[in-house]
Amino acid sequence: MAGPINWLSQVGSITKFGLMSIPQRRGAATATIIGIAGVVAVLVGVLSIAAGFKQAMTVSGSPDAAIVLRSGADSEMVSGLGREATRVIADSPGVARTAQGPLASAELFVIINLPKRSTGTDANVPLRGVEAAALQVRDNVRIIQGRLFEWGKNEVIVGSGAAREFGGLDVGSTLKVGRYEWPIVGIFSANGGVSESEIWSDARVLQDAYNRGDSFQSVYVRLNSPGAFQAFKDSLTTNPQLSVKVVRQSEYYAEQSETITRLITTLGFLIAFLMAIGAVFGALNTMYSAVAARTREIATLRALGFGGGAVVVSLMIESLLLALAGGLLGGGLAYLAFNNFHTSTMNWQSFSQVTFAFRVTPELLVRGIAWSAMIGVIGGLFPAIRAARSPIAAALREL
Amino acid sequence: MNTQGNDTLVSVDGVEKIFHRGAEEIHVLSNLQLRVPSGEFLALMGPSGSGKSTLLNLIGGLDRPTRGTVSVAGERLDQLSDHRLAAWRARHVGFVFQLYNLMPMLTAERNVELPLLLTHLSKAERSQHVKAALAMVGLSHRERHYPRTLSGGEQQRVGIARGIVTDPTLLLCDEPTGDLDRKAGDEILNLLQGLNREHGKTIIMVTHDPHASARAARTVHLDKGQLSNEPVK
């Protein structure tokens, strides 16, 4: 047992001496820390976009809620359902009911142009016609300013994300779309979900405004339980009167977010990877200079009997600690700069804008710090091996 | 020229050391024989490049011979693995370097403590040994000082305290006065002489200074890879 303890004590001592000598080479050490901080900040920052977008999409769907589209439709944009079909869907087994009837909302989805507050350029904003159960088939939708529109009137309520991102959506102002002017009577939130990017009105009024007759594009339903989904789906897909696609809301939104999430994640990793290569060279440079500056010190320690393995591990710990300092700095900067930063982007499945907030999650921070650790280990390895393998006798005479 | 006897501490037999510089072979030591009895103060002299530091490094286990054997207290150094050789150095050898080789970020007492970190002594025991070693070199009052605040002579005395703190079998000094003025050098030589005479330390000292070698009990001369008892002409 004394052997490993002695070895650990050697590692601890050499590491301590290395860390104590950092002030003498603070320029190189600072450059490395900042370089690695940059990699981590960019990685975490870019991935926080994907995390925020994904969260906006996935928070929208609960496992006991489903959405019904026309068979073959990937999104509401290309779906269509008649009134009779929506009634059959609402009356299907598994759909939760209240005294007012089934918790099903047949909905209409159109896109309008509104200027972005940030750039002034037009963006596609979803205008959704809903039925009375709309607030119950979704989680966490609540009015946070003003009131709900009156059923049968051409009034709208606006999601908090849309109100923040797009111009002219304040309570009290009027929206002119279709054949009508639509007073904005309230703002609603949906716990950061995709609904916050939308404008809602009474589906029947919207049908009339857009000459849609009695057609809808989707039916949102609340089920008795998550387990009721399969029976609900089977009853609809085996019904010869219907030709529909039934998915859980959670799966629907996950699928909707997939393209953008994958794109952002891939780009994020690519950028971070390229930056990481640069950072590895920075770390290598720092540790090679550390080894060069301490050649005689390290050789002296080895002459006194400190082992080569302890030298390697100590130098790698030193490199790792420098890198972790960079990782923590980068993660902290990313958190301060990006977390909860609100923006909007195009959802290519619905061709409409989704507002969301960047999310610097603990998982992303851990991932960023793991990257910094990896850079530190790679950057420290070769200089450490060189230090441990250089001939002691020659190194002792280095000035 | 060999000192034979039952109390031989260091035996160098048929040692050859060749360095390679590109394709060129440089023969530094050739079929070299040396015996150093326990308790001797031996000076190893020779011109620059004669191989005296190389020989000292071989005896101290810092390098390995190309051919031949080096034994210290019956241990064949050329047969030890790097790991065991490092442990052997920690246990048996104290080094004193020309440029002191102190850790600039550590105080005198922490520098002296370094070799003790490789032992199983407790912190209190280490502190006791450090104090004794610093007292032996007359630097008790400077134990909290950093190397940059000490004179060259004082730094070398810290180096000697570090070399003797583990009570090693052998003290190897490579040009210990080479970077000091005459007065400081004399103090260091007095110290080494005292360690040999009063404490029975076996010391091998590499030097090119006849004034320094005069303090040793025996001087051998190295030239062109061979030892002789006569100074190099």
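**Exercise 1. The interface of chain A and chain B**

Determine how many residues of chain A and of chain B are in contact, and how much area the two chains bury between them.

*Solution.* The model is predicted. Step one is the contact count, for which heavy atoms must lie within 4.5 Å: 23 residues of chain A meet 22 residues of chain B. Step two is the area. The size of an interface is often expressed as the accessible area lost when the parts come together. Here chain A and chain B bury about 2100 Å² between them, with 65% of it on carbon and sulfur atoms. Step three assigns the contributions within chain A: A:Phe17, A:Leu304 and A:Arg397 lose the most area to chain B, together 25% of what that side buries.

**Exercise 2. Composition and polar pairing**

State which helices of chain A each supply at least two residues of the side that touches chain B, and characterise that side chemically.

*Solution.* The helices are α1 (2-20), α9 (295-304) and α12 (392-395) of chain A. The residues of this side divide into eleven nonpolar, eight polar and four charged. Between chain A and chain B, four residue pairs are in polar contact, both residues at pLDDT 80 or more. The rule finds zero salt bridges across this interface.

**Exercise 3. Salt bridges**

Find the count of salt bridges over all chains, and explain what the pair A:Glu318 and A:Arg25 ties together.

*Solution.* The count comes to 35 over all chains. In one of these, the closest N and O atoms of A:Glu318 and A:Arg25 are 2.6 Å apart, and the criterion is 4 Å. A:Glu318 belongs to helix α10 (residues 308-338) of chain A, whereas A:Arg25 lies in the loop between α1 and α2 (26-58) of chain A; the pair therefore ties together parts 293 residues apart in sequence.

**Exercise 4. A nonpolar surface patch**

Give the area of the nonpolar surface patch that includes A:Leu270, and locate this residue.

*Solution.* The patch covers about 860 Å², and its residues include A:Leu263, A:Leu270, A:Phe273 and A:Phe281. A:Leu270 is placed in helix α8 (residues 249-293) of chain A.

Methods
Residues are numbered from 1 along each chain as its sequence is written. Chains are lettered from A and ligands numbered from 1 in the order in which they are written. This is a predicted model: local features need pLDDT of at least 70, side-chain atom pairs count only at pLDDT 80 or more; totals for chains, interfaces and linings use all residues. Side-chain values use heavy atoms; hydrogens and water are left out. Buried area is the accessible area (1.4 Å probe) that two parts lose on being put together, summed over both. A salt bridge is a side-chain nitrogen of Lys or Arg within 4 Å of a carboxyl oxygen of Asp or Glu. A polar contact is a pair of N or O atoms within 3.5 Å; within protein, one must be able to donate a hydrogen and the other to accept it, and residues adjacent in sequence count only if both atoms are side-chain atoms. Helices (H or I, at least four residues) and strands (E, at least two) are DSSP runs, numbered from the N terminus. Ala, Val, Leu, Ile, Met, Phe, Trp, Tyr, Cys and Pro count as nonpolar, Asp, Glu, Lys and Arg as charged, and the others, Gly among them, as polar. Patches are made of residues with over 30% relative accessible area and no salt bridge: like charges are joined within 9 Å, nonpolar side chains (Val, Leu, Ile, Met, Phe, Trp, Tyr) within 5 Å. Accessible areas come from the Shrake-Rupley method with a 1.4 Å probe; for residues, only the protein chains shown count as cover.
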